[in-house]
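Here is a set of exercises to work through with the model open beside you. Try each task on your own before reading its solution.

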Amino acid sequence: MRVRQAVGRFGEQVAVAHLRRAGLVVVESNWRCRYGEIDVVARDGDVLVVVEVKIRSGPGYGSPAEAITAEKASRLRRLAAEWLRTHPDHRAREVRFDVLAVHRDRTQGVHVEHLV
């Protein structure tokens, strides 16, 4: 389990660096509540962005976007509502859900796919 956690932390660090390079302001990482966890909360201007980070070392488990099922999307909406409820100082005119797919390949290194 420790290897999996380390891989997840690595993916989230890569994702946060990518978001910052893209001009987003990272507000919070690894926010937890009774409904689960939001990997990253960021701002893109007036838009609050809830980011799900998926890391893959190969094609064996499918694309990271395929891991976002209807159930996972519903959970993310619940998490975003709870985050907004507990952070009233972060009002936003719009909330967006992004997926950051971190692909880790032994020959090509790390590549980030940002799905908006």
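The exercises below use a predicted model, and they go from the sheet to its cores and then to the charged pairs.

**Exercise 1. Work out in which order the strands of the open sheet lie, and which strands are at its edges.**

Start with the order. Five strands make up the open sheet, arranged as β1-β2-β3-β4-β5, and their pairing is mixed. Next, look for strands that pair on one side only: these are β1 (25-33) and β5 (109-115), the edge strands. Finally, check the twist. Ignoring direction, neighbouring strands of this sheet are turned by 30° against each other on average.

**Exercise 2. Determine in which sense β3 pairs with β2 and with β4.**

A reminder helps here: strands of a sheet pair through backbone hydrogen bonds, either parallel or antiparallel.

Step one is the β2 side. β2 and β3 pair in the antiparallel sense over five bridges. Within this pairing, Val41 has Val50 of β3 as its bridge partner. The two strands form a hairpin with two residues between them, and Gly45 in the turn has a positive phi of about 70°.

Step two is the β4 side. β3 and β4 run in the parallel sense, paired over ten bridges. Here Ile55 has Val102 of β4 as its bridge partner.

**Exercise 3. Decide whether the residues of β3 are buried or exposed, and sort them by the way they point.**

Begin with the count: ten of the ten residues of β3 are buried. Now sort them. Val47, Val49, Val51, Val53 and Ile55 point one way, while Leu48, Val50, Glu52, Lys54 and Arg56 point the other way. To see what lies over the sheet, find helix α2 (residues 70-86): this helix lies across β1, β2, β3 and β4 and runs at about 105° to β1.

**Exercise 4. Find which elements build the largest nonpolar core, and which residues have the most contacts inside it.**

First, the size: this core has 16 residues. The residues with the most contacts inside it are Leu19, Val40, Val49, Val51, Val53, Leu100 and Val102. Second, the elements: α1 (2-21), β2 (36-44), β3 (47-56) and β4 (94-105) each give two or more residues. The largest share, five residues, comes from β3.

Third, take Leu19 as an example. Leaving out residues up to four places away in sequence, Leu19 touches Leu24, Val26, Val40, Val51, Leu100 and His114. There is also a second, separate core of nine residues, which includes Val41, Leu48, Leu79 and Trp83.

**Exercise 5. Explain why Val95 counts as partly exposed, and list its contacts.**

Place the residue first: Val95 is in strand β4. Its relative accessible area is 30%. Buried means under 20% and exposed means over 50%, so Val95 falls in between and counts as partly exposed. Then list the contacts. Apart from neighbours within four places in sequence, Val95 is in contact with Leu48, Val50 and Leu84. Leu84 is eleven residues away from Val95 along the chain, and their C-alpha atoms are separated by 9.8 Å.

**Exercise 6. Compare the surroundings of three salt bridges: Glu52 with Lys54, Glu71 with Arg75, and Glu94 with Arg93.**

The general idea comes first: side chains of opposite charge can pair when their charged atoms come close. A search of the whole structure finds nine salt bridges.

1. Glu52 and Lys54 form a salt bridge whose closest N and O atoms are 3.3 Å apart. Glu52 is buried, with a relative accessible area of 4%, and Lys54 also counts as buried, at 17%.
2. Glu71 and Arg75 meet through their side chains at 3.3 Å, N to O. These two residues are four apart in helix α2, so about one helical turn separates them. Glu71 counts as exposed at 58% relative accessibility, whereas Arg75 is partly exposed at 26%.
3. Glu94 and Arg93 meet in a salt bridge at 3.5 Å, N to O. Glu94 is partly exposed, with 37% relative accessibility, and Arg93 is exposed, with 63%.

To finish, look for salt bridges that join into a network: Asp44, Arg96 and Asp98 are linked in this way.

Technical notes: Residues are numbered from 1 along each chain as its sequence is written. This is a predicted model: local features need pLDDT of at least 70, side-chain atom pairs count only at pLDDT 80 or more; totals for chains, interfaces and linings use all residues. Side-chain values use heavy atoms; hydrogens and water are left out. A nonpolar core is a set of buried Ala, Val, Leu, Ile, Met, Phe, Trp, Tyr and Cys residues joined through side-chain atoms within 4.5 Å. Buried means under 20% relative accessible area, exposed over 50%, partly exposed in between (1.4 Å probe, protein chains only). Contact means heavy atoms within 4.5 Å. Two strands pair if DSSP finds at least two bridges between them. Axes are lines fitted to C-alpha atoms, for helices over the stretch in contact, and angles run from 0 to 180 degrees between N-to-C directions. A salt bridge is a side-chain nitrogen of Lys or Arg within 4 Å of a carboxyl oxygen of Asp or Glu.
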